[in-house]
Amino acid sequence: MLQFIVASSKKYIFDKKMFKTMKNKIAFIVAVIFLSSCVSLKQYNDSQEKMKKSIAENEQLKKEKIDLEAVNSGLADKNKQLESKLKSVEKELDDAKYSVKIQKERVVATEKEIADLQRQLDVLNSGSSTEIENLLKELNETREDLNIREDKLREAEKELESRNAKLIELQQILARKDEAVKDLKNKVMNALTGFNNKGLTVHEKNGKVYVSLDEKLLFKTGKWDVDPNGQKALKELSKVLAQNPDINIMVEGHTDNVPMRGSGEVKDNWDLSVMRATAVTKILMAGNDIDPVRIIAAGRSEYLPLSAEQTAEGRQMNRRTEIILTPNIDELLKIIEMN
């Protein structure tokens, strides 16, 4: 076909009559373009199919991102419920203690009344039978009232003990949770010691451990393939996570606010943050026994910045991947539901 194009071109070059009008020149150029395009038609069709497939996968990732954000929001609501329930239990315990104190004071006062009546009875023992009967009746009524108050006091003490036991159980579970967070933080820091001052930080906040990795440690600008050095850090962290099955994992991708306008799989900052979070998640799960149910990958785009400064340093700080580690609070939630 190419030989035909060359032969045709030579023929038209030497035939001056074919180029007398602009119409003939345009017809010649269209014929050449049409013949040359036949060579790459199959490649063009293949590219179109790949593009359609990439668009479908991107839409699926966006849907999964929305679902994961809903799960994360649900966990935050449950945590708030837990804190509110704990405050409520502490208030009820204080109220119960105050009620027991009042009941005890009433019992003491009643016992004093009985003692006074008994003294009066002794004084009047030689008096008339009517007076004695009245005093005995009053004494019996007072004793019955005392018995009723003592029964109420015992019930209040039992309720107080029950509430106190539940409060102690909640406090013990919270203490274990805090201890688990501190222990996890130490394990993570020890595992990643070699990456300190290389774009990796570990800190604790709100009962969670945050492992923050700068873009320069993991990715090239605008890319989502993890660099070898970053892969090494993630694999070390993965070993720790595999040894702590009660820890839930959230991988968040963050970008700066400089708009990204791509034309392939990644078209904007949302896509880039999702792709980076997914790439990190896959490395964490590769080769280790980590239950996929424990881990969530989410893209945050530019909307949770660490720095509001519109400088190169501020934008670099915002381009990061955060791995958020949270102890499982199912045990606490069960106690709340039971009450």
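This is a guided tour of one protein chain, moving from the whole model to a few helices and single residues.

**Before you select anything**

The model is a predicted one, in which local features need pLDDT of at least 70 and side-chain atom pairs count only at pLDDT 80 or more, while totals for chains, interfaces and linings use all residues. Residues are numbered from 1 along each chain as its sequence is written, and side-chain values use heavy atoms, with hydrogens and water left out.

**Stop 1: the whole chain**

Show the chain as a cartoon, where 9 helices and 5 strands make up the secondary structure; here helices (H or I, at least four residues) and strands (E, at least two) are DSSP runs, numbered from the N terminus. Following the sequence from its start, you meet these elements in the pattern α-α-α-α-β-β-α-α-β-α-β-α-β-α. Of the 339 residues in the chain, 31% are buried, where buried means under 20% relative accessible area, exposed means over 50%, and partly exposed lies in between (1.4 Å probe, protein chains only). If you switch to a surface view, the accessible surface comes to about 22100 Å², and 54% of it belongs to carbon and sulfur atoms; such areas come from the Shrake-Rupley method with a 1.4 Å probe, and for residues only the protein chains shown count as cover. Among contacts (heavy atoms within 4.5 Å) between residues at least 6 apart in sequence, 71% join residues at least 24 apart.

**Stop 2: helices α4 and α6**

Two packed helices are described by the angle between their axes and the distance between the axes. Select residues 129-191, which form helix α4, together with residues 228-242, which form helix α6, and you will see two axes that come within 9 Å and cross at roughly 150°. Axes are lines fitted to C-alpha atoms, for helices over the stretch in contact, and angles run from 0 to 180 degrees between N-to-C directions. The two helices α4 and α6 are therefore roughly antiparallel to each other, since angles over 145 degrees count as roughly antiparallel, under 35 as roughly parallel, 65 to 115 as roughly perpendicular and the rest as oblique. Now show side chains: L184, K187, V188 and A191 of α4 meet E236, L237 and V240 of α6. These contact residues divide into 5 nonpolar, no polar and 2 charged, where Ala, Val, Leu, Ile, Met, Phe, Trp, Tyr, Cys and Pro count as nonpolar, Asp, Glu, Lys and Arg as charged, and the others, Gly among them, as polar.

**Stop 3: helices α6 and α7**

Keep α6 and add helix α7, residues 269-285, which packs against α6 at an angle of about 55° with the axes 8 Å apart. That angle makes α6 oblique to α7. The contact is made by Q231, L234, K235, L237, S238 and L241 of α6 and by V280, I283 and L284 of α7, and these residues divide into 6 nonpolar, 2 polar and 1 charged.

Zoom in on Q231, which sits in helix α6 and is partly exposed, with a relative accessible area of 28%. Leaving aside residues up to four places away in sequence, Q231 touches V226 and I283.

**Stop 4: two residues with a positive phi**

Most residues other than glycine have a negative phi, and most peptide bonds are trans. Select N206, which is not a glycine and yet has a positive phi of about 55°; N206 lies in the loop between β1 (200-205) and β2 (208-214). Is N206 buried or exposed? With 66% relative accessibility, N206 counts as exposed.

Next select S301, which also is not a glycine and has a positive phi of about 55°. S301 belongs to strand β4, residues 295-301, and is buried, with a relative accessible area of 1%.

**Stop 5: A308**

Finish at A308, in the loop between β4 and α8 (312-318), where this residue is exposed with a relative accessible area of 70%. Measuring from C-alpha to C-alpha in your viewer, you should find A308 and N318 8.9 Å apart in space, although they are 10 residues apart in sequence.
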